[in-house]
Amino acid sequence: MSLLDKFHTPPAIVDSIERYGVNPAGLTVEVDGCATEGVVNGQRVVLAGTNNYLGLTFDPLCIDAAIGALITHGTGTTGSRMANGTYSDHSLLEIELADFFEARSAIVFTTGYQANLGMISALTGPDDLILLDADSHASIYDGAKLSGAQIYRFPHNDVAALEKRLQRLGERAKRTLVVVEGLYSMMGDRAPLREMTEVAHRYGALHDSSRRRLSRAERRRLDQLVCRAVARRRGRRLYTCRSVRFERRPGHAGARLRAPCVALG
Ligand SMILES: Cc1ncc(COP(=O)(O)O)c(C=O)c1O
């Protein structure tokens, strides 16, 4: 059997999906001037799955800034951030975000996938351990694999199971990174963050306890921060906010920041 033979028979799952007349892998969406609606298979639909939470993609300020950025900088940085892709305004945005979150520094990734790959593989290495919620996003699994750390899973949102695992690890718990999500995008449920943080803290494992609920005033400040970054660079730079994520639920006034990252488009 050759390398490509496996592609001759489509997996059963693709067949079964195609029977519904939709193939998510081959989906194209047409957008025509609207941040929240598009056309899929000739049908006008609400775009509930995008990261365009602030609707900035059709904001006149952003469009002006994008045009200005294209004229000043061309169509791209032509290099990774490691090489020549970090411009002073990227750094400025990171400084402003760090300031907002009262953190020492911040880093901006272009997608959530990259954020998880970058963060997890930087924080852990072959001598470390990672405890993952079993229903973590694929990007978390990929980041964990890339780190070379030993990976253990615990059942979804199960604080007792997490504690049991940490207990079993003994001293090694101190070399353990616990990774959970604030909101599980496929299921729509939340992690019991307070309890999990408390357990991780008790066993000396590393966790990010910064994901706290944002107040209405803080949410407004964050919106202003992003809009200010756009406005200040009006005619010069493109900043679209894709990955500052808020979780909202009917009946819940508060919002929670899902990923500590902002994407530059
Ligand atoms: C927790 C989590 N991480 C990463 C991602 C991937 O984000 P992106 O599509 O921006 O790569 C998602 C997407 O929904 C997510 O829910």
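**Helix H7 and its buried side.** In this predicted model, local features need pLDDT of at least 70, side-chain atom pairs count only at pLDDT 80 or more, and totals for chains, interfaces and linings use all residues. Residues are numbered from 1 along each chain as its sequence is written. Helix H7 spans residues 193-202, and Met196, Thr197, Val199 and Ala200 are buried there. (Buried: 20 or more other C-beta atoms within 10 Å of the residue's own; exposed: 12 or fewer; partly exposed: in between; C-beta atoms are placed from the backbone.) These buried residues cover an arc of only 165° around the axis, which puts them on the same side of H7. The arc is that of the directions from the helix axis to the C-beta atoms. Arg194 and Arg202, on the other side of H7, are exposed.

**Around H7.** Helix H6 (159-169) and strand E5 are among what covers the buried residues of H7. Gly204, just after H7, takes a positive phi of about 75°. Helices (H or I, at least four residues) and strands (E, at least two) are DSSP runs, numbered from the N terminus.

**The shell around the ligand.** The ligand is surrounded by 10 residues. The closest are Thr111, Gly112, Tyr113, His137 and Ser185. (Near: C-beta atom, placed from the backbone, within 6 Å.) Helix H4 (residues 112-123) gives the most to this shell, with 3 residues.

**Helix H4 in close-up.** Gly112, Ala115, Asn116, Leu117, Met119 and Ile120 are buried in H4. Their cover includes helix H5 (138-147) and strand E5 (176-179). (Contact: C-beta atoms, placed from the backbone, within 7 Å.)

Note on methods:
Two residues are in contact if their C-beta atoms, placed from the backbone, lie within 7 Å.
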